[in-house]
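The following exercises are to be worked with the sequence and the coordinates at hand. Each task is followed by a solution in steps.

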Amino acid sequence: MTNLSRRGVLAAAAAAAAAPFVAGPAAEAHPSGPKTWDLTLLGTSDTHGNVYNWDYYRDAEYDDSAHNDVGLAKAATVVNTIRAERRGKATLVLDAGDTIQGTPLATYYAKQEPITTTHERHPMARAMNVIRYDAVTLGNHEFNYGLPLLDLWIRQLGFPALAANAVNARTGRPAFTPYVIKKVDLGQGAPNLRVGILGLTNPGVAIWDRANVEGKLRFDDMVATAAKYVPEMRRRGADIVLVSAHGGDSGTSSYGPELPNENPSALIAAQVPGIDAILFGHAHNEVPQRFVTNTATGAQVLLSEPSKWGQRVTRMDFTLSRERGRWQITSKAASTINTNAYAADPVVLAAVKAQHNTTVAYVNQVVATSTQELSAAESRYKDTPILDYINKVQTDTVAAAMAGGQYASLPVLSIAAPFSRTALFPAGQVKIKDVAGLYIYDNTLEAVVLTGAEVRAYLEYSAKYFVTLAPGAPVDPATISDPSVPDYNYDTLSGVEYDIDISKPVGQRITRLVHPGTGAPVGDAEQFVVAVNNYRRSGGGNFPGIVKTQVYNAQQEIRQLLIDWAQAKGSIDPADFFVANWKLVRAGTPVF
């Protein structure tokens, strides 16, 4: 390849008509068999605001232990290379969602200079339009910044945005384009291939972005929605049906049974006849190729997930033939392509350069001076000052709001999760990028009232994060946590003192829960105001007792509160906020 880097329609006829034209391939003549044609699908997912191969938190080129690269500029070169290799043959490009949230670049044009105010084209729209996608599915993070920004971003795209199971709560009609049917020219006099593309978003939006969608949108079951639309697409002439789904293939959910399944892509393949392949995302896994047998027809449905952030591009290849006037897929296969072997596309870089530079300048603004280096490296298993910084800001904000009101006499507790293992406040100048690196999500601050019993139940649920280790067994920080529980679903709590006994079974680990200073046990009936982020309070992670009416919800972004507190103080000094109030133990003996 010539682009090696140094690191080596019918559902919406107008939308279909406006979609990019797809060139058809030449036929391949086989000496001893029927004439065949081929179609290639290229797919991305969970790009999360990454265009440049850049780590805004480190202010340096992105790198990790596996030397992955990120960004649509890298993915674009993969797409361009394959299009060039297949010149004269049909190539479609899809994305399975979570596009406009995830980096300071995306946040800046949603929060600092929102496109809804400036009407500037969103950087992800600029990049994707250069690449000439054929369709994008809406992911759950597309709803983070509210429907007005989402609607404007969709209007800025040169291709359809799909979400068949997002329904207008008032009318019951689709809130977005459910699917498109594209006519693909396969060349040499062959009839057009009609490719149906169905988009399915994640039902978890109803929890995670309740404040933005409640009463406005309903999110139906992805399997049932596919079962509704696939036959319709076939009736309307789709020769093959591709699904672009923002839901993983595990069949499990991070929330309770009150919402449809979060990760049903394999279930869709198994239960809905008529689907040829599924590009899926959401789980941030790399699944190069998986076949699932449809239980009704026995057909093998091809699935692939291209990791995250533009690190991989899925390639699906289909061979087709004409039999009795109908198109048939005679073979299909998938793989994933590592974008780190490709140089960034200069056209995509140029399209987003000014916005990238603006973001870099913003995140490098100094907000305060830290009296010492504060690291999050040990925050999962040790009480660290940097996580207490979050809790201090949240506690102060909520306590000030409660003053003089109904709950002014209640103690204020605060919940924080170790979002990043690499977050660091250096000794000396602390910049916006350092704060953003500590609090990487666009969460807002809320507060609820919990009883002592509910606080204990909450902490017991959080403590399932740790594996069980008998007293005296070797302890390795690298393996102390259950790999099935992500770091962002482990919470620490300030305002009470507690021990987590990791030698005990899950559900019996909070062996000490007392008031600070006095050591008096927390009573089951006592009440506390608890500061919490909107993701958790809305049900994210399925923590018990937290989904209830807020006593505080000023829609203040936690990251901005952290920045504002630092700017107001001018200094970040652990003496102002660090209280060692929890520890891991085994039979009462501290683990660390």
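**Exercise 1.** Is Thr-47 buried or exposed?

*Solution.* The model is a predicted one.
Step 1. Locate the residue: Thr-47 belongs to the loop that runs between β1 (36-44) and β2 (54-55).
Step 2. Compare its relative accessible area with the cut-off: the value for Thr-47 is 1%, and buried means under 20%. Thr-47 is therefore buried.
Step 3. List what surrounds the residue. Not counting residues up to four places away in sequence, Thr-47 touches Leu-72, Asp-95, Gly-97, Asp-98, Thr-99, Met-124, Trp-309 and Gly-310.

**Exercise 2.** Determine whether the radius of gyration of the protein agrees with that of a compact globule.

*Solution.* Step 1. For 592 residues, a compact globule would have a radius of gyration near 25 Å.
Step 2. The protein has 26 Å, so the value agrees with the rule.
Step 3. Add the extent along the principal axes: the C-alpha atoms fill a box of roughly 85 × 50 × 50 Å.
Step 4. Add burial and surface. Of the 592 residues, 57% are buried; the accessible surface comes to about 22500 Å², and carbon and sulfur atoms account for 51% of that surface.
Step 5. Add the secondary structure, which comes to 16 helices and 29 strands.

**Exercise 3.** Describe the surroundings of Val-243, starting from the strand that holds this residue.

*Solution.* Step 1. Val-243 is placed in strand β11 (residues 240-245), and its relative accessibility of 1% makes it count as buried.
Step 2. Consider the strand as a whole. Six of the six residues of β11 are buried, so the strand is largely enclosed by the rest of the structure.
Step 3. Separate the two faces: Val-241, Val-243 and Ala-245 point one way, while Ile-240, Leu-242 and Ser-244 point the other way, and all are buried.
Step 4. Identify the partner strands. Strand β9 (residues 193-200) pairs with β11 in the parallel sense over six bridges, and Gly-196 has Val-241 as its bridge partner. Strand β12 (residues 277-280) also pairs with β11 in the parallel sense, over four bridges; here Ala-245 stands opposite Phe-280.
Step 5. List the contacts. Leaving aside neighbours within four places in sequence, Val-243 is in contact with Leu-198, Leu-200, Ile-275, Ala-277, Ile-278 and Leu-279.

**Exercise 4.** Which strands stand at the edges of the open sheet that contains β21, β17 and β27, and why is one side of each left without a neighbour?

*Solution.* Step 1. Write down the order: this open sheet of three strands runs β21-β17-β27, with mixed pairing.
Step 2. Count partners. The edge strands are β21 (428-431) and β27 (571-572); each has a single partner strand, so one side of each is left without a neighbour in the sheet.
Step 3. Examine one pairing: β17 (residues 366-370) and β21 pair in the antiparallel sense over four bridges, with Ser-370 opposite Gly-428.
Step 4. Relate the sheet to the nonpolar core. Ile-572 is one of the residues with the most contacts inside the largest nonpolar core, a group that also includes Phe-143, Trp-153 and Val-398; this core has 90 residues. Beyond four places in sequence, the contacts of Ile-572 include Ser-370, Tyr-389, Phe-425 and Val-430. Another core, of 31 residues, lies apart from it and has Tyr-465, Leu-469, Ile-480 and Leu-493 among its members.

**Exercise 5.** Compare the burial of the partners in three salt bridges.

*Solution.* Step 1. Note the total, which comes to 24 salt bridges.
Step 2. Lys-74 and Asp-69 meet at 2.7 Å, N to O. Lys-74, at 8% relative accessibility, counts as buried, and Asp-69, at 1%, counts as buried.
Step 3. Arg-126 and Glu-120 meet at 3.9 Å, N to O. Arg-126 is partly exposed at 26%, and Glu-120 is partly exposed at 24%.
Step 4. In the salt bridge of Asp-499 and Arg-512, the closest N and O atoms are 3.2 Å apart. The pair links strand β24 (residues 497-501), which holds Asp-499, with strand β25 (residues 510-514), which holds Arg-512. Asp-499 counts as buried at 7%, whereas Arg-512 is partly exposed at 28%.
Step 5. Finish with a network: salt bridges that share partners join Lys-111, Asp-442, Glu-557 and Arg-559.

Methods:
Residues numbered from 1 in each chain as written. Predicted model: local features only at pLDDT ≥ 70, side-chain atom pairs only at ≥ 80, totals over all residues. Heavy atoms only, no water. Core = buried A, V, L, I, M, F, W, Y, C linked by side-chain atoms within 4.5 Å. Buried < 20%, exposed > 50% of the residue type's maximum accessible area, 1.4 Å probe, protein only. Contact = heavy atoms within 4.5 Å. Pairing = 2+ DSSP bridges. Rg over C-alpha atoms; globule rule 2.2 N^0.38 Å. Areas by Shrake-Rupley, 256 points an atom, 1.4 Å probe, with all protein chains shown as cover. Salt bridge = Lys/Arg side-chain N within 4 Å of Asp/Glu carboxyl O.
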